Amino acid sequence: MVEKHYAVNGSPEAARRYSPGRVTTVKYHAAQGAPEHISTSFVERQNLTLRMQQRRFTRLTNGFSKNYLNHCAAVALYVAHYNLCRVHEALRVTPAMQLGVTDHVWTITELVDVALKAAPIPPTVNTPDPSPMPAGRKVGRFTVIDGGNSK
């Protein structure tokens with residue numbers, strides 16, 4: 001455990017009120033296990049990365065999740081992309097490649113195809129079926145169009 005002690009600053013300025021004081025001492029205590037390899041910094045860094053890359057965790061944005069299932073799906077998609085598709089600067093490979101789970105960097109197409117095959121979304125009740133349907137395969141509420149072109 002890392003225990004930080006801060007200097008108490010009696011200044012009522014807004015800049016001092018909302019920011020922590022100056023660190024005076026830092027004490028380390030072993031709680032359990034092998035503390036030389038434990039750090040909350042890794043978890044805090046991961047939490048910050050998640051909050052910055054997933055706007056669903058920010059309450060005052062358009063992307064804020066109001067539906068729990070949609071939120072879970074968005075987080076799962078983010079975690080899969082983070083581990084399978086994104087090459088990390090320090091590792092120079094994806095985390096999945098580093099662990100030996102996969103042997104290549106996944107494309108977004110691969111990720112979406114696997115996600116749709118693993119858990120197709122059931123069609124909603126009383127949803128009108130649009131008549132001019134683009135050519136493609138129907139998966140739950142989605143139509144996947146192969147070879148699409150975005151302009």
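# Exercises on helix H3 and its surroundings

At the start of H3, the backbone nitrogen of Leu69 has a side-chain oxygen of Asn67 within 2.8 Å. The model is predicted. The exercises below work outward from this helix.

## Exercise 1: the overall layout

State how many helices and strands the protein chain has, and in what order they run.

Solution. Begin with the count: the protein chain has five helices and four strands. Next, read the order from the N terminus: β-α-β-α-α-α-α-β-β. Then turn to burial. Of the 151 residues in the protein chain, 14% are buried. Now take the contacts with a separation of 6 or more: 23% of these join residues 24 or more positions apart. Last comes the surface. About 12,500 Å² of the protein chain is exposed, and 58% of that comes from carbon and sulfur atoms.

## Exercise 2: the span of H3

Check the end-to-end distance of helix H3 against the span expected for its 17 residues.

Solution. Helix H3 covers residues 68–84. The expected span is 1.5 Å times one less than the number of residues. For H3 this should give 24 Å. The end C-alpha atoms are 24 Å apart, so the two values agree.

## Exercise 3: the buried side of H3

Find the buried residues of H3 and the helices that help cover them.

Solution. The buried residues in H3 are His71, Ala74, Tyr78, Tyr82 and Leu84. Their cover includes helix H2 (40–53), helix H4 (95–99) and helix H5 (108–118). One general point helps in reading such a list. An α-helix has 3.6 residues a turn, so residues three or four places apart point the same way.

## Exercise 4: an aromatic pair

Classify the ring pair formed by Tyr78 and Tyr82.

Solution. The count of aromatic pairs is one. Its rings, those of Tyr78 and Tyr82, have centres 5.8 Å apart and planes at 40°. Planes under 30 degrees apart would be stacked, and over 60 edge-to-face. The pair is therefore tilted. Now place the two residues in the helix. Tyr78 and Tyr82 are four residues apart in helix H3, so about one helical turn separates them. Finally, check accessibility against the 20% cut-off for burial. Tyr78 is buried at 8% relative accessibility. Tyr82 is buried too, at 15%.

## Exercise 5: a loop residue against H3

Decide whether Gln54 is buried or exposed, and name what it touches.

Solution. Gln54 sits in the loop between H2 and H3. Its relative accessible area is 11%, so Gln54 is buried. Leaving out residues up to four places away in sequence, Gln54 touches Ala74 and Tyr78. There is also a polar contact: the Gln54 side chain reaches the backbone oxygen of Ala74 at 3.3 Å.

## Exercise 6: two partly exposed loop residues

Describe the settings of Ala7 and Val87.

Solution. Take Ala7 to begin with. Ala7 lies in the loop between strand E1 (2–6) and helix H1 (14–17). Its relative accessibility is 27%, so Ala7 is partly exposed. Beyond residues up to four places away in sequence, Ala7 touches Gly21, Arg22 and Thr24. Ala7 and Gly21 are 14 residues apart along the chain, with C-alpha atoms 5.5 Å apart.

Now take Val87, in the loop between H3 and H4. Val87 is partly exposed, with a relative accessible area of 44%. With residues up to four places away again left out, Val87 touches Arg92, Val93, Thr94 and Val105. The C-alpha atoms of Val87 and Trp106 are 9.8 Å apart, across 19 residues of chain.

How values were computed: Residues numbered from 1 in each chain as written. Predicted model: local features only at pLDDT ≥ 70, side-chain atom pairs only at ≥ 80, totals over all residues. Heavy atoms only, no water. Buried < 20%, exposed > 50% of the residue type's maximum accessible area, 1.4 Å probe, protein only. Contact = heavy atoms within 4.5 Å. Polar contact = N/O pair within 3.5 Å; in protein donor to acceptor, adjacent residues only side chain to side chain. Areas by Shrake-Rupley, 256 points an atom, 1.4 Å probe, with all protein chains shown as cover. Phe/Tyr/Trp six-rings, centres within 6.5 Å; stacked < 30°, edge-to-face > 60°.
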